[in-house]
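Subject: The structure I promised you

Hi,

Here is the structure we talked about, with some notes on what turned up in it. Have a look for yourself first, then read on.

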Amino acid sequence: MKLFYQNKFWITLFIFITCFLKVNAQQSFSFLQEIQQLETKFDVKFSYAITSIENIQLQQKISTSTTLNEALIYINTHTLLVAEKIDDRFISIAPKLENIKVCGFILNKESKPISNVSILISGKFYGTVSKDSGEFVLENLKITDIIEFRYLGYATLKKNVNELIAPNLNCVTIILFEDEVELTEVFIQNYITKNLSKSNDGTISLDTKSFNTLSGQVEPDLLQTSQILPGIESPNESISNINVRNGVSDQNVIYWDYIKMYNPTHFFGLISAINPNLTKKISIIKNGTSAKYIGGVSSTMLLETNATISDNFSGGAGSNFIYYDAFFNIPISNKIELKTSFRNSNNNWFNTPTYKSYFNKTFQNTAINNNQSNSNFNFYDVNVSVLYTPTKFSSIKVNYIKINNNLYYNEFNNNNLTDKINQNSDAIGVHYDFKVNEKLNASVSSYYSKYSLFSNNYQNNQEQFVNHENEVLENSIKTSLKYLFNKNLSFETGYQLNETGVLNKTYVNIPLYNRIEKNVILNHAAFAEVNYQNNNWFLRSGISFNYFSKINETSIEPRLNLSYSLDKSVSFNAQFENKSQNTSQVIDYLDDFLGVETRRWVIADETIPLIKSNQLSVGGTYKKNNLLIDLSVFYKTIDGILISGQGFQNQVINKRLSGEQKSKGIEILLNKKTKKADFWIAYTFSKSDLFYKQLNQNYFPSNNDIRHSSTIGLNYYFNKYLSTSISGILKSGKPYTTINNQNQTIENNGSVIVNYNMLNSERLKSYNRLDFSVNYQFLDFKKIQSTIKLGVLNALNKRTDLDVYYVVDKTDTTKATEITVKSMEFTPNVSLRINF
């Protein structure tokens, strides 16, 4: 499917990249690149040791010199190198000094000295600090050394030794600038566990580098970790079905480095497809979202890669019972870094107990589960990120990701007719940040995101062929300006244009049926936002204006996030947001592939409404003596909810209705820490009801209405090498629809169907599960760390009913057969990882 603006988008993107690369030309120049250009220009050859010059930066170009002698004079007078002609063609370059001494004064932008600045030599374990006058002295340096200047509250500055030598041999002046930090500073460190934190605006963040261990897990994954937080559930244990405050999964918007992702999972939702080793931080926002983010009426999830260039080459590799992976951080120069990773399922070699458990969970109640030998399932993903910092005030990041899931199944051996499902995601994005001046920052970003689902299914003894396709294409460009009035107050505004196209296609050969639906919508979004913070108050107030061209509808969305700290122990907060989204998912169970739920994206049009939500939450936090009590109360309404996206498999399975949802609840977290342990209890009480005026039924419980949900857990740290985690989950069963036992089936328009009672009038039995993990670091050298992790999900192997529905009995059409969907069985996993 081609979008109308697609070619224009790529032309715009090319012009955008080219222009900004030109505008942000380097303020310093690589000495190595300059002499290589001199060699070509004057047909000469320089002789040098690469380690002596590879890090040297020049303040002006020498490759533009009129004569060779002019360039050599500059090298001899402005660097700590000696360039001497050996003959007419060969020139030697060598350091003037072996043990170089530098000195200087460190000042702030007001020219006032800064004392106690840490001055370190990169890659070495010694340095010095500045005096009260800002003065410093370093000796015994090499010309290739990189000096780092670090001071709390100021941006780290790196300088090559050559840049610290003044032409007149006087001490140089170094200016440090205040670091630009987000006003939403971390409010609670070690929220539940060491790798989680909570900011003043309520954002929960996972630091992937400090991830240690969490029950049942062997890799850092916020979508898995988030389920220990109050207010976040997965009714069917799938991370692709994460419900935040009773909102269904398609109401969560996920951004990977400013790129919107439509399916960032593997194994049909059981595993995250975003490699955590290249992701610095993962955040989830339940309410009070910044006005600069659009979509996601239930939550916003942000995945961010590192925005600083590493000093040295680093990477790692690992494997567990599901996949193997590797990642690399490759600094090409002090201005460019390449980050890349890949991951691949390992079931092509052998089927581990973990793989078998995941497979059984996904394909239960299907023909595949009964004939596993006839099936082949695999997945992989690739991430590539290039970070370029042309100046210390600007950066350009280019990201690419590919996610692929494939399933092939032969109902009969030696049969060339193969059923298959292919899920694929491709996305590429460019983000450009630059500092206009000390007060004004600007950014421009653009992305192209594509998601596709393709399935072939041969039915009725291989005579009938059914083909389904679902494709989402999205182009986006966004600009923003942020003005800092002072360290407490800032203002941000911007504009975003999204073009989203959705294709749905169904083809059946017998009887012949062909349906193709294409829709494209433009979303114009402008936003303005004020941020204020001091020692006690945090305020973020903004508004987003959205116009949707296809349906000619405008949405004005105010956002408010407020917190007040009474003292260091007690704080209060309130959030409000109004949001909308123009895409949603539907589930056609009659068209599902071999019983596997395959959700399909649709877009707002004349028959599908725009989804809108309002949410208000208030709460408070108490933290003292390593005790944390966090409480929130919320109320949320959502309009425009499609009943076909709620997962019903009863009398409304084929209906196309839109309605509303009302949810309210209380979230409580207790967390106690000691030197050796973290202990927590999370509890949520919530009530979620649906209403569709076309149905002969008042408000009834939604499929996500889990009234009571609690998690209790303990992390214990034996020492810095060995730790363990154990947690238990106990929650109410989900609602389901019973049948009329006196008359289980009825005739309807010539067909026999199940005779259901009122929607969601009963509940399943309560759900409970025990998980644990052990983490052991057995290698801890200067540059090499190695860990082994063991995780077990459902350690007691208690299989619980996650859902119940009914189908007409094939042998007796007066009877209905009950189908149960069971929870995951005992699932062990082991991970071995080496990082360097």
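To start with a small puzzle: which residue in strand 5 is the bridge partner of Lys 85? It's Ile 91. Before I go further, please keep in mind that this is a predicted model.

That pair belongs to a bigger picture. Strand 4 and strand 5 (residues 90-95) run antiparallel to each other and are joined by five bridges. In general, strands of a sheet pair through backbone hydrogen bonds, either parallel or antiparallel. Here the sheet is an open one with three strands in the order 2-5-4, and its pairing is mixed. Strand 2 (45-47) and strand 4 (81-85) form the edges, each pairing on one side only. On average, neighbouring strands in this sheet are turned by 25° against each other, ignoring direction.

Two helices go with this sheet. Helix 2 (residues 31-42) packs on the sheet and touches strand 2, strand 4 and strand 5. The direction of helix 2 makes about 140° with that of strand 2. Helix 4 (residues 68-78) lies across strand 2, strand 4 and strand 5 as well, and runs at about 150° to strand 4.

Next, a lysine I'd like you to look at. Lys 579 sits in strand 36 (residues 570-581). It is buried, and yet it has no salt bridge. How far away is the nearest side chain of opposite charge? That is Glu 577, at 4.1 Å, and a salt bridge needs the two charged groups to be within 4 Å. Lys 579 does have polar partners, though. A polar atom of its side chain lies 2.6 Å from the backbone oxygen of Gly 296, and its side chain also makes a polar contact with the side chain of Thr 300, at 3.1 Å. Leaving out residues up to four places away in sequence, Lys 579 touches a list of residues including Thr 289, Val 297, Ser 299, Glu 557, Arg 559 and Ile 611.

For another lysine, try Lys 281, which is in strand 22 (residues 279-285). Is it buried or partly exposed? Partly exposed, with a relative accessible area of 34%. Lys 281 and Leu 302 are 21 residues apart in sequence, but their C-alpha atoms are 8.0 Å apart in space. Leu 302 is among the residues that Lys 281 touches, and so are Ser 205, Leu 206, Leu 303 and Glu 304, again not counting residues up to four places away in sequence.

Finally, some backbone oddities. Most residues other than glycine have a negative phi, and most peptide bonds are trans. Now for the exceptions I have in mind:

- Asn 246 has a positive phi of about 75° without being a glycine. It is found in the loop between strand 17 (243-244) and strand 18 (252-256), and it is buried, with a relative accessible area of 7%.
- Asp 257, also not a glycine, has a positive phi near 50°. Its place is the loop between strand 18 and strand 19 (259-261), and at 6% relative accessibility it counts as buried.
- The peptide bond from Ile 510 to Pro 511 is cis, with omega near -15°. Pro 511 lies in the loop between strand 32 (489-508) and strand 33 (513-533).

Have fun with it, and write back with any questions.

Cheers

Note on methods: Residues numbered from 1 in each chain as written. Predicted model: local features only at pLDDT ≥ 70, side-chain atom pairs only at ≥ 80, totals over all residues. Heavy atoms only, no water. Pairing = 2+ DSSP bridges. Helix = DSSP H or I, 4+ residues; strand = E, 2+ residues; numbered from the N terminus. Axes fitted to C-alpha atoms, helices over the stretch in contact; angles between N-to-C directions. Contact = heavy atoms within 4.5 Å. Buried < 20%, exposed > 50% of the residue type's maximum accessible area, 1.4 Å probe, protein only. Lys, Arg positive; Asp, Glu negative; His and termini not counted. Polar contact = N/O pair within 3.5 Å; in protein donor to acceptor, adjacent residues only side chain to side chain.
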